[in-house]
Amino acid sequence: MSRTFFDHIPEIKFEGPDSTSALAFKYYDKDKKVLGKTMAEHLRIAVCYWHSFCWDGADVFGAGGFDRPWIKPVTDQKAADEKLDAAFEFFQKLGNPYFCFHDVDVMASAETPKEHVENFANIVDKIEAKIAQTGVKLLWGTANMFSHPRYMAGAASNPNPDVTAFAALQVQECLAATHRLGGANYVLWGGREGYDTILNTRVGQEMEQLGRFFNMVVEYKHKIGFKGDILIEPKPHEPTKHQYDRDVGTVYGFLKAHGLENEVKVNIEPNHATLAGNSFEHEIEMANAFGIFGSIDFNRGDPQNGWDTDQFPNDLRETTTALYYILKGGGFKNGGSNFDAKVRRQSIDLDDLFHGHVGGMDLLGRALENAAALIESEKLSGFVEARYSGWKSGMGAKMMDGSASLTDMAAHALKENNSPTPVSGRQEMLENIVTDFTK
Ligand code: XUL
Ligand code: CO
């Protein structure tokens, strides 16, 4: 028998923009067609286990004050079972089609490798039953190789190969479980794959270990026939001072160096992008340009804080811009929109979990419609198309197809003998267009 936790919350329904209810969708209408697909099919929204069902509100300065009855364990296994009940009850009330988890989020805690395998297998059977009962699907699974003290010096990049072996076990079990549960992707976030001080670190050796580890994961994926994407999640630092997967450009270089550019894609998180000094849309367009766009961990940072605050997204302009570039790149395939976001420490009630997610889903629905309208108008794309049209013919085309050399280009400049006149980039006009479509 499942225990229930959210009896006082009704199923969240679409009521339209005029609704006065705080717990109803005003814009996220899952069946509404946008550019030929439903909102649900475009966005593939997921709720994450860790922030919503594992965190009790504790921070580095104080204990947790959240009302989360399932976090009071009688035994660890009972707590894991009740957490599973709470999570799937929440998903059904909210109506998110997907969820995501770390192995340690879902299972009873374990110390030894054998205990890990047993406790994880126990809960995976129960997750499989919940998926079958409810139809809520797995967007991605991942192994947590950063919380336990054994991983303080990294997992794949640890100086001790026995630590890496434990990490290999976790990834093997979690990737196999993700495959069995019908997961669409498998994520690798390198939480402590970096260093705190270069004085004790062999950077070259650690990056070689990491590259080999990623290759082992890909080899295992093919061995078991997992058809989803392997996704690396870039982040520049926190918890380490320097993380090797710092941003999309760095990850692409790393993948190229290890022959993985056609095997691995990226899971982009806005708050990680800003920590790296990049904008969210920059990271999306870099991934599109390299052909490695995978999925998004939607959240937002705080412009005044220099850390990963993981707040629910609420900036319509930023999200409209992001979805514009996601759609322009072809939209989500295996990936989706996972809320890697948590309520604030003073948002202590169960209801607050719903307010955070309902707001995030509504924002995505609204931004999706804005982005689709922007695409259909061709106002940005038309300008950009015209701006680069010179490269379609003449010497521009010859340079790009490799038939013109540096000397040929130089000879062309001498022959024409003119100093090209600059043309306006029209930044303000283009920004005004985005403002017009942010509705
Ligand atoms: C940490 C983070 C992780 C990954 C999964 O900043 O984003 O939760 O998404 O390990
Ligand atoms: Co994340």
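A residue counts as partly exposed when its relative accessible area lies between the 20% under which residues are buried and the 50% over which they are exposed. With a relative accessible area of 26%, lysine 265 is therefore partly exposed. This residue is a handy way into the structure, which is a predicted model.

The side chain of lysine 265 meets that of aspartate 229 in a salt bridge, with N and O 3.4 Å apart. The pair joins distant parts of the chain, since lysine 265 sits in strand β10 and aspartate 229 in strand β8, 36 residues apart. Unlike its partner, aspartate 229 counts as buried, because its relative accessibility is 13%.

By the distance rule used here, the count comes to 15 salt bridges. Lysine 235 supplies another of them, pairing with glutamate 238 at 3.0 Å between the closest N and O atoms. Here the lysine is the buried partner, with a relative accessible area of 3%, while glutamate 238 is partly exposed at 28%. A further bridge brings together the side chains of lysine 30 and aspartate 31, N to O at 3.3 Å. Lysine 30 is partly exposed, at 43% relative accessibility, and aspartate 31 is exposed, at 53%. Salt bridges also link Arg3, Lys78 and Glu82 in a network.

Lysine 83 makes an interesting contrast. This residue belongs to helix α3, which covers residues 76-94. Lysine 83 is buried but takes part in no salt bridge. The nearest side chain of opposite charge is that of aspartate 105, and it lies 6.3 Å away. As a salt bridge requires a nitrogen and a carboxyl oxygen within 4 Å, that separation does not qualify. The backbone of aspartate 105 tells another story: its oxygen lies 2.7 Å from a polar atom of the lysine 83 side chain. Beyond its neighbours within four places in sequence, lysine 83 is in contact with Tyr49, Phe53, Cys54, Trp70 and Asp105.

Attention now turns to the metal site. The cobalt ion (ligand 2) has Glu233, Glu269, Asp297 and Asp340 as its protein donors, at distances of 1.9 to 2.1 Å. The glutamates donate through OE atoms and the aspartates through OD atoms. The site has 6 donor atoms and is octahedral, with angles among them of 78 to 172 degrees. Along the sequence, the donor residues follow the spacing E-x35-E-x27-D-x42-D. Glutamate 233 lies in strand β8 (residues 229-233) and glutamate 269 in the loop between β10 (264-268) and α9 (270-275), so these two donors tie together parts that are 36 residues apart in sequence. Both glutamate 233 and glutamate 269 are buried.

Aspartate 340, another of the cobalt donors, is found in the loop between β12 (337-339) and α12 (350-377). At 7% relative accessibility, aspartate 340 is likewise buried. Leaving out residues up to four places away in sequence, aspartate 340 touches Glu233, Glu269 and Asp297, along with Cys48, Trp50, His51, Phe298, Asn299 and Asp310. With tryptophan 50, the aspartate 340 side chain makes a polar contact, side chain to side chain, at 3.0 Å. Leucine 380, in turn, is 40 residues from aspartate 340 in sequence and 30 Å from it in space, C-alpha to C-alpha.

Conventions:
Residues numbered from 1 in each chain as written. Chains lettered and ligands numbered in written order. Predicted model: local features only at pLDDT ≥ 70, side-chain atom pairs only at ≥ 80, totals over all residues. Heavy atoms only, no water. Helix = DSSP H or I, 4+ residues; strand = E, 2+ residues; numbered from the N terminus. Buried < 20%, exposed > 50% of the residue type's maximum accessible area, 1.4 Å probe, protein only. Lys, Arg positive; Asp, Glu negative; His and termini not counted. Polar contact = N/O pair within 3.5 Å; in protein donor to acceptor, adjacent residues only side chain to side chain. Contact = heavy atoms within 4.5 Å. Donors = N, O, S within 2.8 Å, 3.2 Å for Na, K, Ca; no water. Tetrahedral: all angles 85-135°; square planar, octahedral: opposite > 155°, others 65-115°.
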